[in-house]
Amino acid sequence: MLDSYRKDWHWRLLTILILVSIVIGLWVSTSKVNYTWRWNRVPQYFVYHNETIERVPYDSRVLSIDEANNITTVTVKNQFDELETYQVDTDTLRVFVDEDLFSGDQIGSTFQWQAGPLLHGLGVTLWISAVSSIIGLAIGLFTGLCRLSRNLTLRQLSILYIEIIRGTPLLVQIFIVYFFFGTVLNIDRMAAGIAALSIFAGAYVAEIIRAGIQSIPKGQMEAARSLGMNTPQAMIHIILPQAFKRTLPPLAGQFISLIKDSSLVSVIAITDLTKAGREVITSTFATFEIWFVVAFLYLTLTSILSQVIAWVERRFAVSD
Amino acid sequence: MIKTVDLIKTFAGRGQTIHAVDGVTTHIKAGEVVVVIGPSGSGKSTYLRCLNGLEELTSGHIHIDGVDLADRKTDLNKVRREVGMVFQQFNLFPHKTVLQNLVLAQTVVRRRKKSEAEQKARALLKKVGIPEKEMEYPIRLSGGQQQRVAIARALAMDPKVMLFDEPTSALDPEMVGEVLEVMKQLAREGMTMVVVTHEMGFAREVADRVIFMDHGKLVEEGTPEHFFTNPREERAKLFLKQVL
């Protein structure tokens, strides 16, 4: 490890130099277009401190004020002689004991951390990708097996499905699912988005699964059959576990693609990460910053997924 | 035990049909050890694979314990339970440990309890001489050990017949002996065996009967003494001259 560092330190240095010069080049060119970077505006779109103002609904009189752990409990008696209590953050307290309050007067306020639009969008993207991956895997597994079936109809139907999906753009598929099937079958935009992505992923997964199954030596099936297993038993216990191990790297690639492709569902007004980014830009005009942040968030999601897959691969490698 | 009548198996390839097995008729009795020999491409492996339905028959009949494999109503999976097979390339399940290799079919096909199946598997591993390897994955075993596991795996199903498809051909020479020893032990215990092999020594020592095949046809059959010392057919004489 140390040896390799010593040997090619100059190449590492060159990599760093190239990256640094790209960054400097970008910085110089953006400074020429007269763009004001406002990175400080970005964090509030992840989480923000939401202020809830507490007011008295009726004319009241303050009876007591108790403070504990920065939270103050205010007890008031309103015009109907009923007791009411309010909890506010201590440093926002606006009243004192025995003060007379009029309807709508402010007692104080509480602050809570709330997820901003970018975090919400990230959640939606994660949810859509996860659900579509699972459904896509199921569709792909089924179609992949149909593709290898001895039944001609199953084979032809699966080939037709795969060819249609792989031969048309995802964006067009999303429009068709949303505007055509969405109208005909009366499904909402979220379901339409997930359906379009699942059907799209399914076609690619089917081809991956087919290739995986075909890559298992014929002898494995023969050995399983010679022990008296029927085809489904041999598939479940012998072929699919081995095929799954081999297809893990291409499947991971497919699911990483799916996370990225899910950005296209923003065209049917699903507020995923991409659409959330666009909405934030309309209110901040921090175009450059937000798109960089959105890209970084996608990169984070995909890197985490590939780390997880790499870990699973290492777990499976025990029998190699 | 196994009766084959006029067995024909053809493969269609590149505009010509190849008669891999061409009208073989023979009867293998229970407890008999039959060794099938012949030059490569003579159809002996295909013949063996027909015996447990891995190849579909073109015409003719195979009766195993009275059940006709050519009959469409026959449940091949049921027949295969009673016919163990050992392959040239071992075909162990690489994603399962040695013990799991032996246990799987017992629990899935024979519906045995796991504890019972494991007990049987351990006994068989002891019998083939590798009880200490049960937690290993097949890839960590030598070829000879893998083939012995494969034999144990087939035996775990309590088959009535064992088929061996060139079990020692893929092994390093020094490992052939250990596999043949296990097979000899099986033969001594009275197992019905059909063995396709190039091990003439094994044929001479263990076989009750030798079948010589060429071009898909059964050319000559007889006891080893007769076949190795005094074959009738010219083709058999030529073959023996080349291999001995």
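In the predicted model, chain A contains an open sheet of four strands, arranged in the order β4-β3-β2-β5 with antiparallel pairing. Its edges are formed by β4 (83-89) and β5 (100-101) of chain A, each of which pairs on one side only. Within this sheet, strand β2 (residues 60-68) of chain A runs antiparallel to strand β3 (residues 71-78) of chain A, and eight bridges join the two. One of the residues involved is A:Ser60, whose bridge partner in β3(A) is A:Asn78.

Chain B holds an open sheet of six strands, in which the order is β6-β7-β8-β3-β9-β10 and the pairing is mixed. Here the edge positions are taken by β6 (83-86) and β10 (217-222) of chain B, each paired on one side only. From one strand to the next, the twist averages 20 degrees. At the β6 edge, β6(B) runs parallel to strand β7 (residues 161-165) of chain B, and the two are joined by four bridges. In this pairing B:Val83 lies opposite B:Val161 of β7(B).

Two helices of chain B are described here in relation to the strands of that chain. Helix α6 (residues 173-188) of chain B lies across β3 (33-37), β7 and β8 (192-196) of chain B, and runs at about 145 degrees to β8(B). Helix α9 (residues 234-243) of chain B also packs on the sheet, where it touches β3, β9 (209-214) and β10 of chain B. The direction of α9(B) makes about 100 degrees with that of β9(B).

The size of an interface is often given as the accessible area lost when the parts come together. For chain B and chain A, the buried area is about 1,900 Å², with 60% of it on carbon and sulfur atoms. The contact involves 26 residues from chain B and 19 residues from chain A.

Between chain B and chain A, six residue pairs are in polar contact, counting those with both residues at pLDDT 80 or more. One salt bridge is found across the interface of chain B and chain A. A salt bridge joins the side chains of A:Glu222 and B:Arg49, with an N to O distance of 2.6 Å. On the side of chain B that touches chain A, at least two residues each come from α2 (76-82), β6, α3 (98-108) and α5 (143-155) of chain B. Strand β6 of chain B is thus placed both at an edge of the six-stranded sheet and among the elements that supply this side. By residue class, the side of chain B that touches chain A comprises 15 nonpolar, four polar and seven charged residues.

Note on methods
Residues numbered from 1 in each chain as written. Chains lettered and ligands numbered in written order. Predicted model: local features only at pLDDT ≥ 70, side-chain atom pairs only at ≥ 80, totals over all residues. Heavy atoms only, no water. Pairing = 2+ DSSP bridges. Axes fitted to C-alpha atoms, helices over the stretch in contact; angles between N-to-C directions. Contact = heavy atoms within 4.5 Å. Buried area = accessible area lost by both parts, 1.4 Å probe. Salt bridge = Lys/Arg side-chain N within 4 Å of Asp/Glu carboxyl O. Polar contact = N/O pair within 3.5 Å; in protein donor to acceptor, adjacent residues only side chain to side chain. Nonpolar A, V, L, I, M, F, W, Y, C, P; charged D, E, K, R; others polar.
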